[in-house]
Amino acid sequence: GVAFDGDADRCLLVDEQGGVIDGDKVLAVCGSDMKRRGKLSGGTIVATVMSNLGLHEFCRENGVGLVCTSVGDRNVLEKMNECGYKLGGEQSGHMILLEHNSTGDGLVTACQFLAAVRRSGKPVEEAIKVMTKFPQTLINVRVKDKHALEGNAPIWDAVHAAEAEMGDTGRVLVRTSGTEPLVRVMVEAETQESADAHAKAIAEVVERELA
């Protein structure tokens, strides 16, 4: 199944079992296909800091470069144009395939994903196993002054403690919203329980310090 947002510049899919295929998995499947066909310029994919740790693992295991930008398709496209890369996108399903289009187009994304799956000779459910998604927890904390985040030592101490405990098996991203008085706490870990626990612990510090 394929679903588009209102202006159809983004696309998400579901496999035979109803499992959601987000932009990270689309990047992995299309990236694998383009690399096999010699179409992945620079051997590199462009994503954002919100992309799942599983995409990082996929790239490491398959000899693919990964460049992460700030959130926003404009930032992805800017990096692609700057470095000559042909494949980039966001977890939200906003893909840019410069070989076919200079902006996000959900129909192009769907067609290229399905073509890549067809060339793999596998059903969709099997083709997307090229990437394993890590459990992810996102907590938004409403604050009085989001700009106070950068210099707040207790918050960053909590972040560093979580990172030290998880090591290479997890990732923490704490950032401010570009449009709202929010601090976004995102944690990825080997288990959902671990991601939930670390995200909650950091969010509690953010709330205590900035709310």
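This passage walks through two sheets, a helix pair and a cavity in a predicted model.

Take the β8-β10-β9 sheet to start with. Three strands make it up, listed here in their order across the sheet, and the arrangement is open with antiparallel pairing. The edges belong to β8 (136-142) and β9 (171-176), each of which pairs on one side only. Direction ignored, neighbouring strands here are turned by 15° against each other on average. On one side of the sheet order, β8 meets β10 (residues 182-188) in the antiparallel sense, with seven bridges between the two. Within that pairing, Gln136 sits opposite Glu188 of β10. Glu188 turns up again in the other pairing, as the bridge partner of Arg171. There, β9 and β10 run antiparallel and are joined by six bridges. These two strands, β9 and β10, also form a hairpin, with five residues between them.

Next come the helices that go with this part of the model. Helix α7 (residues 192-210) lies across β8, β9 and β10, and runs at about 15° to β8. Helix α7 also has a helical partner: its axis and that of α6 (residues 153-166) come within 9 Å and cross at roughly 170°. Since an angle over 145 degrees counts as roughly antiparallel, that crossing makes α6 roughly antiparallel to α7. On the α6 side, the contact is made by Pro154, Ile155, Ala158, Val159, Ala162, Glu165 and Met166. Facing them from α7 are Ser194, His198, Ile202, Val205, Val206, Glu209 and Leu210. Sorted by class, the α6 contact with α7 comes out at 10 nonpolar, two polar and two charged residues.

A further sheet is found towards the start of the numbering. Here, too, three strands form an open arrangement with antiparallel pairing, this time in the order β1-β2-β3. Strands β1 (2-4) and β3 (20-21) stand at the edges with a single partner strand each, so one side of each has no neighbour in the sheet. Between β2 (residues 11-14) and β3, the antiparallel pairing runs over two bridges. One residue pair to look at is Val14 and Val20, the latter being the bridge partner in β3.

That leaves the question of enclosed space. With a threshold of 30 Å³ or more, the count comes to one cavity. The largest cavity has a volume of about 50 Å³. Its lining consists of Cys30, Asp33, Met34, Arg37, Leu97, Glu99, His100, Gln112, Ala116 and Arg119. Two helices, α1 (23-36) and α4 (106-120), each supply at least two residues of the lining of this largest cavity. As for its chemical make-up, the lining of the largest cavity is a mix of four nonpolar, two polar and four charged residues. The charged members of the lining are Asp33, Arg37, Glu99 and Arg119, while the polar ones are His100 and Gln112.

Key. Residues are numbered from 1 along each chain as its sequence is written. This is a predicted model: local features need pLDDT of at least 70, side-chain atom pairs count only at pLDDT 80 or more; totals for chains, interfaces and linings use all residues. Side-chain values use heavy atoms; hydrogens and water are left out. On a 1 Å grid over the protein atoms alone, a cavity is a set of points where a 1.4 Å probe fits but cannot get out, and a pocket is an open set with protein on both sides within 12 Å along at least five of seven lines; lining residues have an atom within 4 Å of a point. Grid points are joined across faces, edges and corners, and a volume is the space filled by probe spheres set on the points. Helices (H or I, at least four residues) and strands (E, at least two) are DSSP runs, numbered from the N terminus. Two strands pair if DSSP finds at least two bridges between them. Axes are lines fitted to C-alpha atoms, for helices over the stretch in contact, and angles run from 0 to 180 degrees between N-to-C directions. Contact means heavy atoms within 4.5 Å. Angles under 35 degrees count as roughly parallel, over 145 as roughly antiparallel, 65 to 115 as roughly perpendicular and the rest as oblique.
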